[in-house]
Amino acid sequence: MKISLALVVQCFFALVVMGWFPLGAVELSITTRDTEGESVPARIHLRDADGTALTSANDLPSWHDHVSSPGIARFDVAPGRYEVTVEHGPEWTSKSATIQVAEGVTATNVSISIKRIADMAAEGWWSGEMHIHRPIDQIERLMTSEDLHFGQVLTWWNKNNPWLTHPLPSPPDIQFDRNRFAHLIGGEDERDGGALLFFNLSKPIDVTAGQQHYPSSLDYAEQVEVAGGWIDIEKPFWWDVPMWIAHGIGDSIGIANNHMYRHGMLPTEAWGRPRDLKKYPDPQGNGWWTQEIYYHLLNCGIRIPPSAGSASGVLPNPVGYNRVYVKIDGVPSMEKWFEGLKNGRVFVSNGPLLRVTANGQLPGHVFKTDENSLFLNLEVQVDGNDPTERLEVVHNGVVMPFPFPQQLTIQESGWFLVRAIAGKANTLRFASTAPFYVELGGSKVAPQQRESAQFFVQWCEERLGILNANETLSETQKEDVTKPWEGALAFWQKKREEAAPLLVVRGEAVDADSGQPIPARVYIKDENGSWHHALSTAADGSAVRYEKRNWVNAASEEFHTTVSAHPFEAKLGPGRYELTIEHGKEYRPETAVITVADKPISVKVPLKRWINMADRGWYSGDTHVHRTLDDLPNVMLAEDLNVAFPLTYWVTQAFRPPTAGDKSSQAEIPDKLIEIDATHVIWPRNTEWEIFTVNGRSHTLGAVFALGHKKPFEQGVPTVKNIADEARRQGALLDLDKHDWPWTMVLPLTMGVQLYELANNHIWRTRFAFKDWSSPTPEYLRPPLSAQSGNEREWIQFTMANYYALLNCGLNMVPTAGTASGVHPVPLGFSRVYVNLPDGFSYENWKNRLEAGSSFVSTGPMIFATVNGQPPGKRFTSSSESFNAVIEGEIISEQPMSFAEVIHDGRSVQKITGKNERTPEGAYKTIFHTEVDLSSSGWLAVRCWEAREGDRVRYAHTAPWHITIPGRPLKPRAEERDYLVMRVKNEIERSRDFLPKEAIVEFEEALNFYQELTVREETD
């Protein structure tokens, strides 16, 4: 045969035009290495300047937009610019680079290094993929490139079964690269009802005769069961899922499935039950629908572990993009891997590496207790290439923010799991543990079982309607395929009926005077002491669930829901319930007892305002907040809190910057004020340095906050002066968290701290818990205080005494209030600081006047006091050797006030007995007028006390007025100075072997300051 030269030339140019053979081709070699320089297999994504993927590389396996390299891949490319991304599974960093291939060269060599993020196998977690459609001869290369340890390869399905004409691989499992395993004869039945995956079979079953609608998928599944195979329900939304489950089919179910891509999502449910697009919009909606269905199964007592698969070879994914990690003890094997999967010792992921234990137990564990609640300590570790946007606990289908500290109280039987969501907008990149199961008081049933069973009853009815209307089925075929569905319908109906009926209790909080709905905090408690939660019924309404129990005192608990100004409802079983509704500090709380019997109940609860602080020009704030930016608008309106400073940057390790803080928010943090409405605002950038470890060693220093800064801090602590300098440059306020932290007495001097939390995060609505303190009380307070422990009243006295000592040393901090709501069992704003703004509210004025001390703190009563007609924070300078202070005002409280005191230089010099006259709003008012003569410089303040039942107390305390008398300076008492000297000396000795010299120098500067102070004469 002769071939003309012209034809060869034409073919050559055709190849060039079509891009099959680049003109002036250059060999581009891409080598992938680890940080030690050793070659690493990897997946390579190479794109040209137009974004076209190049997948032809020295006969390496390729698919969609990538090739799988053993460590070096060679591409023939034209000169130009290329973008390359190298990955080696989720346990290694993803690395991208730009490559410039120059003209006139024959070869370009590029080396790209990646490093390990985590070694999951070394921790006993072994990765697996349950949906691979790639050729058998590529499997070893693919799995090593993806660092995947267990692979289930699907080689037969409805349209093709090569093993009918070819010998089966013997053995069906292969082991390679020491600890990698693949099963080569997995199968799939995928028809109009969905897909089942079949594993662990010694030979296939023949599904090639199956038509789109006939026979029932149950027929093939039962054959696999008889053969001892493993059946994976490939996706939860397939139409046949409730039928399979009802007949006991399904050893695992794919919640990280092939509709989730590396850079996108399949937007439909294919042969499955379609989702509500309004509730679950693209692009992530299919993934959330997947999880909702899984949660309904769990609510019905179906204990089935989650699985993962990518369908590489059919859909665009790499092998192992969606994977399931199984915990294995000892040497891994395929048998052990499936055993761990069966027991639920797993998490699924397409990105985050999520390891969770609860009370030391792995996922899949069943917690049993005769009590009506279960207290859990969670240990969580998350790593990954993508920032974790949020961690969540899902309990019986209800999503809650992840608790910190990592304690969780479960008050319903059923299940819970932990999931991590990465910040990817175009796909759902997540990880989820398998469920932990909870049986309280012998009950296995989740309260939501009835509702979830009804979800599947409706599903079965819909499917039966579809099958009965199918005109392609003969009557005999229709009878065969509907019979399993009739059995499924009966199964779910029984599940529904065996669950206790839940009745709707609808409620609404309204203003007693106007009748208008108001947002509120809602408590629902049953006769057994268990708490229940409400949901908003309005489309534009919101409800934020809060569940905290203290890890020191289990009786200290805060379980409530904050609801927007709309009707709310709770689904409750028969019985008596106590319903309590509150709205911040200025409304009287109301409690009602309701009895749920056999009919829905509707309750409207009027809340009566006993004081209007805004009308008086006072606006509230909480300076220690750990609630999320998403939750705060709801919660602040429910609490009528005007200003919040959420500590979005939070670090607990010395020297580490808050931008990389181990507790910092992973969400995007705005750099401007968030205005909920004209008088409720959030400043989103605030930082807490709360140091518990130094260079990996346990060594508690304590906490300090920077409030209202504009840019993230790049500095860690200690040292602290640099932090203070940067805070001042940004106009931030520095706030002292608690007086008993080991390093606290150093910070007012070295940092110039402006704020002192006189009502701090140990003061709660619920029972006092922290009876043991980090630092000892001063000896001059013993008795009545003990050395290092006490009750709530004694903690408050200790807090005040420390504040007074610092003021007497000339360290003029303004009192403020913070709850640490989000960490502790306390509502947001339970302790709050009120700032006087006579000209109306603005954030900047509020912050400035807080710094100036035009304020008071309160956990209950409201205190309005002046000295010589001036509000708190005023500084007086006397023109003589004395100063006459006229102190007057009024105290208004919800409950009768016990007494008030005038404090002069830390000592009570006047006692004001509560008159408790009733106001038109039903509150209690005490008007006072007294005088104090001062003969030396000093300060004055007013505090008041309101007794509550159970030997509880609520109080208010003004910021100080400062008086300067020339020639008569303010001096501390000797006992105060000696106490502060002792505190700093103790901290220097305790920290000398932990902290760098520069930090100790700062501590020594504070010590010198205190030691050099002149003290008052005894006659003073």
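Strands, such as the two that flank N359, are DSSP runs of E with at least two residues, numbered from the N terminus. With that in hand, welcome to a few close-ups of this predicted model.

**View 1. N359 sits in a loop between two strands.** The loop runs between β19 (353–358) and β20 (366–369). N359 is not a glycine, and yet its phi is positive, near 50°. Its relative accessible area is 36%, and because the partly exposed class runs from 20% to 50%, N359 counts as partly exposed.

**View 2. N396 has a positive phi as a non-glycine residue.** Here phi is about 50°, and the residue belongs to the loop between β22 (388–395) and β23 (398–401). Is N396 buried or exposed? With a relative accessible area of 2%, N396 is buried.

**View 3. A cis peptide bond leads from Y214 to P215.** Omega is near 0° for this bond. Look for P215 in the loop that lies between β13 (194–199) and α3 (217–226).

**View 4. P718 and T719 are joined by a cis peptide bond.** Its omega is about 5°. T719 has its place in the loop between β44 (697–707) and α10 (721–729).

**View 5. Helices α14 and α15 pack against each other.** Residues 974–991 form α14 and residues 997–1011 form α15; the angle between them is about 160°, and their axes are 9 Å apart. The pair is therefore roughly antiparallel, since angles over 145 degrees fall in that class. Their crossing is left-handed. On the α14 side, the contact includes R977, L980, V984 and I988, and α15 contributes residues including I1000, F1003, L1007 and Y1010. Sorted by type, the residues of this contact are 8 nonpolar, 2 polar and 4 charged.

**View 6. W743 is one of the best-connected residues of the largest nonpolar core.** This core holds 92 residues, and W689, W743, M751, W846 and Y1010 have the most contacts inside it. Helix α12 (residues 792–808) supplies the largest share, 10 residues. Which residues does W743 touch, leaving out those up to four places away in sequence? They are W689, I691, L701, G702, A703, V704, V717, V720, E987 and F1003. Two of these neighbours link back to View 5: E987 is on the α14 side of the helix contact, and F1003 is on the α15 side.

**View 7. Another core lies apart from the one in View 6.** It consists of 79 residues, among them L196, I231, M243 and W459.

Key
Residues numbered from 1 in each chain as written. Predicted model: local features only at pLDDT ≥ 70, side-chain atom pairs only at ≥ 80, totals over all residues. Heavy atoms only, no water. Axes fitted to C-alpha atoms, helices over the stretch in contact; angles between N-to-C directions. Helix = DSSP H or I, 4+ residues; strand = E, 2+ residues; numbered from the N terminus. Parallel < 35°, antiparallel > 145°, perpendicular 65-115°, else oblique. Left-handed = near helix turned anticlockwise from the far one by under 90°. Contact = heavy atoms within 4.5 Å. Nonpolar A, V, L, I, M, F, W, Y, C, P; charged D, E, K, R; others polar. Core = buried A, V, L, I, M, F, W, Y, C linked by side-chain atoms within 4.5 Å. Buried < 20%, exposed > 50% of the residue type's maximum accessible area, 1.4 Å probe, protein only.
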